[in-house]
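Work through the exercises below with the coordinates open. Try each task before reading its solution.

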Amino acid sequence: MKYALVTGASRGIGRAVAVKLASQGIPVIINYQSNDHAAQETLAEILAAGGRAEVMRFDVANEKAVVAALDSWEDAHPDDYIAYLVNNAGIRRDNLMFMMPDNDWHDVIDTSLNGFFYVTRRLLPKMMQRRHGGRIVNMASLSGLKGLPGQTNYSAAKGALIGATKALAQETASRGVTVNAVAPGFIESDMTRNLPIDELRKQVPAGRFGRPEEVAALVAFLCSDDAAYITGQAISINGGLYS
């Protein structure tokens with residue numbers, strides 16, 4: 001059985017991705033760091049729709065926790081493997097750089113970039129050995145493409161993630177594993193709730209923020225067999241908002 005692991009799947013875009021993949025018949029592992037209630041809500045939504053899912057709590061920025069959780073899952077699923085990985089976990093700690101505390105820099109980098117490294121490195125060997133169309137989708141951001149003021153840390157993490165996506169895609173293509181990044185613009189979620197939405201909406205040619213379900217649809221396509229020849233790409237989904 002081929003499973004999907006979605007990191008940071010308890011809320012927002014991660015939840016929408018988990019629900020979408022489950023609706024396509026893929027058993028989903030819902031990763032989350034601390035919000036048990038939100039993770040159970042995601043699980044309940046998938047199960048109510050007839051999908052298969054389970055929760056897996058660990059902090060993607062903690063290498064030992066990542067390895068322990070995935071080792072335990074593999075021990076319990078000897079005949080299964082994770083063929084679809086969506087590295088969605090990320091946090092924002094916005095501030096002007098000259099006022100930014102060390103922790104706000106390191107926490108954002110650790111979650112978005114190091115988290116991608118720890119989880120992906122752990123799952124890659126089996127994905128490549130199977131040669132059955134492994135899919136890795138990394139959640140980047142408009143901030144990683146053009147940079148946004150007040151987000152030097154977030155832009156650095158997401159920009160590096162895009163570069164890593166392009167490099168890793170070349171390492172895994174011969175084994176049938178595709179690696180792509182999705183770069184959302186302004187999307188309705190917990191991460192954008194405290195932004196000046198009315199002002200930012202005016203910058204978007206489409207005149208609105210995107211919905212998590214729209215991002216999830218793109219991720220699901222990149223995980224499908226139809227996307228087997230798409231790799232090393234950073235695909236924007238931003239309502240026409242460019243630098």
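The exercises cover strand pairing, crossovers and salt bridges in this predicted model.

**Exercise 1.** Find which strands pair with β1, and in which sense.

Solution.
- Start with β4 (residues 81-87): β1 and β4 pair in the parallel sense over five bridges. Tyr 3 has Ile 82 as its bridge partner in β4.
- Turn to β2: three bridges join β1 to β2, again in the parallel sense. Here Val 6 is partnered by Ile 30.
- Trace the connection: the chain goes from β1 through helix α1 (residues 12-23) to β2, in a right-handed β-α-β crossover.
- Check burial: four of the five residues of β1 (residues 2-6) are buried, so the strand is largely enclosed by the rest of the structure.

**Exercise 2.** Describe how β2 connects to β3.

Solution.
- Count bridges: β2 (residues 28-32) and β3 (residues 53-57) run parallel and share five. One pair is Asn 31 with Met 56.
- Add the helix: β2, α2 (residues 36-48) and β3 form a right-handed β-α-β unit.
- Look for a side-chain link: Asp 36 and Arg 57 form a salt bridge, with the closest N and O atoms 3.1 Å apart. Asp 36 is in α2 and Arg 57 in β3, so the pair ties together parts 21 residues apart in sequence.

**Exercise 3.** Is Arg 122 buried or exposed, and what does its side chain meet?

Solution.
- Apply the cut-off: buried means under 20% relative accessible area. Arg 122 has 18%, so it is buried.
- Find the partner: Arg 122 meets Asp 71 in a salt bridge (2.6 Å, N to O).
- Widen the view: Asp 71, Glu 74, Arg 122 and Lys 126 are linked in a salt-bridge network.

Notes. Residues are numbered from 1 along each chain as its sequence is written. This is a predicted model: local features need pLDDT of at least 70, side-chain atom pairs count only at pLDDT 80 or more; totals for chains, interfaces and linings use all residues. Side-chain values use heavy atoms; hydrogens and water are left out. Two strands pair if DSSP finds at least two bridges between them. Helices (H or I, at least four residues) and strands (E, at least two) are DSSP runs, numbered from the N terminus. A crossover is right-handed if, with the strands pointing away from the viewer, the path from the first strand over the helix to the second runs clockwise. Buried means under 20% relative accessible area, exposed over 50%, partly exposed in between (1.4 Å probe, protein chains only). A salt bridge is a side-chain nitrogen of Lys or Arg within 4 Å of a carboxyl oxygen of Asp or Glu.
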